[in-house]
Amino acid sequence: MEFTATGGEAGRSDCAGRTTGADLAGAGWTPNDARNVELAPQVLGKIVVDTTVPLVPPKVMRVQLPPEGSAALRAQQALGEGVRVVSAFHNVAAHKLATDEAVACDVLVFGDEKAAREEVLQVVEDCGLRGLHAGALANSAAAEALTSVLIFINKHYAADGAGLQITGAAPSAH
């Protein structure tokens, strides 16, 4: 497996070392596609794990999706058809991903190709988290938008990284 991640800080402190062939890197959201266009030739034929949440300071507690409908769809458009974009990790607090502490949050995994989602679900599991198929890449808009809601909840309730747990799904649902 060879992966490239875009959009946020690379995963758990032990995850990259345990994920065979993983190439995880990230950068923050910008409304400029230059980064993805530049990255496209390097990731042709690969899976790109997009963790981007389109937060627009200073109003990060307000949903502000791009005109394309989601940051993941925008990334797919910029990277082109030869790249399989899968989005994940939107609703897990970045500071929790950077540690080895238990994270009581599920990872929703979006992508247009089920096989690519399966590979990313394995990466999520290798990181010690539970991942769930969440459907097409267009569905990523829901998780991207929900991040602003979680930031609001964190502030309003003084929470330390509010997240989601999906009930009723088997522990190893993929």
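Here are two short exercises with worked solutions, one on strand E5 and one on Val83.

This is a predicted model, where local features need pLDDT of at least 70, side-chain atom pairs count only at pLDDT 80 or more, and totals for chains, interfaces and linings use all residues. Numbering starts from 1 along each chain as its sequence is written, and side-chain values use heavy atoms, with hydrogens and water left out.

**Exercise 1.** Work out which strands pair with E5 and where its side chains point.

*Solution.* Helices (H or I, at least four residues) and strands (E, at least two) are DSSP runs, numbered from the N terminus. Start with E4 (residues 84-87), which pairs with E5 in the antiparallel sense over two bridges; pairing takes at least two DSSP bridges. Here Ser87 sits opposite Phe110. Next comes E6 (residues 130-133), parallel to E5 and joined to it by four bridges, with Val107 opposite Gly131.

Now the faces. In a regular strand, side chains alternate between the two faces of the sheet. Asp106, Leu108 and Phe110 point one way, Val107, Val109 and Gly111 the other, and all are buried (under 20% relative accessible area, 1.4 Å probe, protein chains only; exposed is over 50%, partly exposed in between).

**Exercise 2.** Is Val83 buried or exposed, and what does it touch?

*Solution.* First find Val83: it lies in the loop between helix H3 (71-79) and E4. Its relative accessibility is 1%, so Val83 counts as buried. Then list its contacts (heavy atoms within 4.5 Å): skipping neighbours within four places in sequence, Val83 meets Ala40, Val43, Leu44, Lys46, Val48 and Gln76. Finally, Ile47 is 36 residues from Val83 in sequence, yet their C-alpha atoms are 6.2 Å apart.
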